[in-house]
Amino acid sequence: MASEFKNSKFLQKHYYLLDSHYKSDSLDKGRKFKPFFDELCQHIFDINLTMLQGIEDFPLLYSEEKSYSSIAAAINNITPYHISEWTIDCRGYGIADKESGKEKKTRKVDFWCRSKDKDFDVWMELKALRFYVSKDELDTDSIHKAFEQILEIHKINKQDRIQDHKLVLLNTKVICDKEDFFDKSYQKSLEKVPQILAKKLDEEYGKINDEITKEAQKGLLLGVLDLREQIQKDIKNDICYRIDYANGLENKSFFGKLVAPYIILAGLVITNPRD
């Protein structure tokens with residue numbers, strides 16, 4: 001863990017990269033992209049933890065828009081080459097607007113960046129996702145919207161013969177009922193949640209194989225922040241009670257009844273096969 005992180009001790013103990021569904025050698029620059037993604041996740045979590053200590057807030061718990069600035073700051077920490085809200089000319093690529101059916105003229109990408117060594121580019125879309133483990137509910141609608149976006153960028157890149165990484169960053173809040181969390185028999189099952197989520201995402205990702213040509217490869221990486229110990233230590237002051245607002249639950253009866261044992265940054269990537 002790099003000493004540059006303000007919360008390096010916490011990250012050393014509570015952060016890890018899950019790569020069970022990522023084959024570095026099948027992806028173009030797959031071995032270089034993996035540490036890039038790992039470092040990005042650590043910077044995002046470090047910024048959010050610093051905000052928690054300084055102003056008692058944690059942007060990743062909120063909506064996509066509210067977590068945007070901390071992710072932009074994290075990208076800036078690892079490369080000086082980046083642009084947000086990049087507009088792409090879609091004319092002539094056969095990409096239709098779902099509502100009107102007409103061809104799209106333009107579309108925006110949340111972030112574009114080039115690695116510090118200028119070796120590869122990344123087109124990144126950000127999406128907020130919720131995995132409610134107490135009810136085994138995964139927000140697949142958000143996943144499918146993310147797939148649609150990444151495939152549009154891939155389609156444009158392919159026709160322009162651009163060999164870049166297309167990445168959907170799923171800011172995933174893993175939540176469960178507080179009473180489940182403190183049930184000792186339930187706590188063991190929580191250990192496997194990141195692997196369960198990885199499997200679910202990989203299964204959903206597998207459904208788009210028909211839309212990805214043999215000329216492209218896909219991968220899945222998960223940056224996992226494990227907050228279980230933190231909740232056990234200080235349930236009254238932990239970051240997780242704010243998850244009620246993050247889910248848009250307006251009914252105040254939900255307040256304080258949910259906790260987030262994990263915050264996971266899942267990276268769905270499409271790129272060219274390795275030469």
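The exercises below work through aromatic pairs, strand pairing and helix packing in a predicted model.

**Exercise 1. Classify the ring pair of Trp86 and Trp112, and state which parts of the chain it ties together.**

Step 1. A pair of aromatic rings is described by the distance of the centres and the angle of the planes.

Step 2. Rings pair if their centres lie within 6.5 Å. For Trp86 and Trp112 the centres are 5.4 Å apart.

Step 3. Planes under 30 degrees apart count as stacked and over 60 as edge-to-face, with the rest tilted. The planes of Trp86 and Trp112 stand at 40°, so this pair is tilted.

Step 4. Trp86 belongs to strand 2 (residues 81-89) and Trp112 to strand 3 (residues 106-114), so the pair ties together parts 26 residues apart in sequence.

Step 5. Buried means under 20% relative accessible area, and partly exposed runs from there to 50%. Trp112 has 11% relative accessibility and is therefore buried. Trp86 has 28% and is therefore partly exposed.

**Exercise 2. Which class does the ring pair of Phe181 and Phe182 fall into?**

Step 1. The ring centres of Phe181 and Phe182 are 5.0 Å apart, and their planes are at 85°.

Step 2. With an angle over 60 degrees counted as edge-to-face, the pair of Phe181 and Phe182 is edge-to-face.

Step 3. Phe181 is buried at a relative accessible area of 1%, whereas Phe182 is partly exposed at 36%.

Step 4. For the wider context, the count of aromatic pairs comes to nine. One aromatic cluster is formed by Phe33, Phe36, Phe37 and Phe120.

**Exercise 3. Which strands does strand 4 pair with, and in which direction does each pair run?**

Step 1. Strand 4 covers residues 121-132, and ten of its twelve residues are buried.

Step 2. Strand 3 and strand 4 are antiparallel and joined by four bridges. Trp112 has Trp123 in strand 4 as its bridge partner. The hairpin of these two strands has six residues between them, and Lys118 there takes a positive phi near 65°.

Step 3. Strand 4 and strand 6 (residues 165-177) are parallel, with eleven bridges between them. Here Met124 is partnered by Leu167 of strand 6.

Step 4. Strand 4 and strand 5 (residues 137-138) are antiparallel and share two bridges. Tyr132 is partnered by Glu137 of strand 5. Four residues lie between the two strands in this hairpin, and Asp136 in the turn has a positive phi of about 55°.

**Exercise 4. Describe how helix 2 and helix 3 pack, and place Ile44 in that picture.**

Step 1. Two packed helices are described by the angle between their axes and the distance between the axes.

Step 2. The axes of helix 2 (residues 30-55) and helix 3 (residues 64-78) come within 8 Å and cross at roughly 130°.

Step 3. Angles over 145 degrees count as roughly antiparallel and those from 65 to 115 as roughly perpendicular. Helix 2 and helix 3 are therefore oblique to each other. Their crossing is right-handed.

Step 4. Residues of helix 2 that meet helix 3 include Phe36, Leu40, Ile44 and Ile47, and the helix 3 side includes Ile71, Ala74 and Ile78.

Step 5. Ile44 is buried, with a relative accessible area of 0%. Its C-alpha atom is separated by 5.2 Å from that of Ala74, 30 residues apart along the chain.

Step 6. Leaving aside residues up to four places away in sequence, Ile44 touches Leu60, Ile71, Ala74, Leu169 and Leu265.

Note on methods
Residues are numbered from 1 along each chain as its sequence is written. This is a predicted model: local features need pLDDT of at least 70, side-chain atom pairs count only at pLDDT 80 or more; totals for chains, interfaces and linings use all residues. Side-chain values use heavy atoms; hydrogens and water are left out. Rings of Phe, Tyr and Trp (its six-membered ring) pair if their centres lie within 6.5 Å; planes under 30 degrees apart count as stacked, over 60 as edge-to-face and the rest as tilted. Buried means under 20% relative accessible area, exposed over 50%, partly exposed in between (1.4 Å probe, protein chains only). Two strands pair if DSSP finds at least two bridges between them. Axes are lines fitted to C-alpha atoms, for helices over the stretch in contact, and angles run from 0 to 180 degrees between N-to-C directions. Angles under 35 degrees count as roughly parallel, over 145 as roughly antiparallel, 65 to 115 as roughly perpendicular and the rest as oblique. A crossing is left-handed if the near helix is turned anticlockwise from the far one by less than a right angle, and right-handed if clockwise. Contact means heavy atoms within 4.5 Å.
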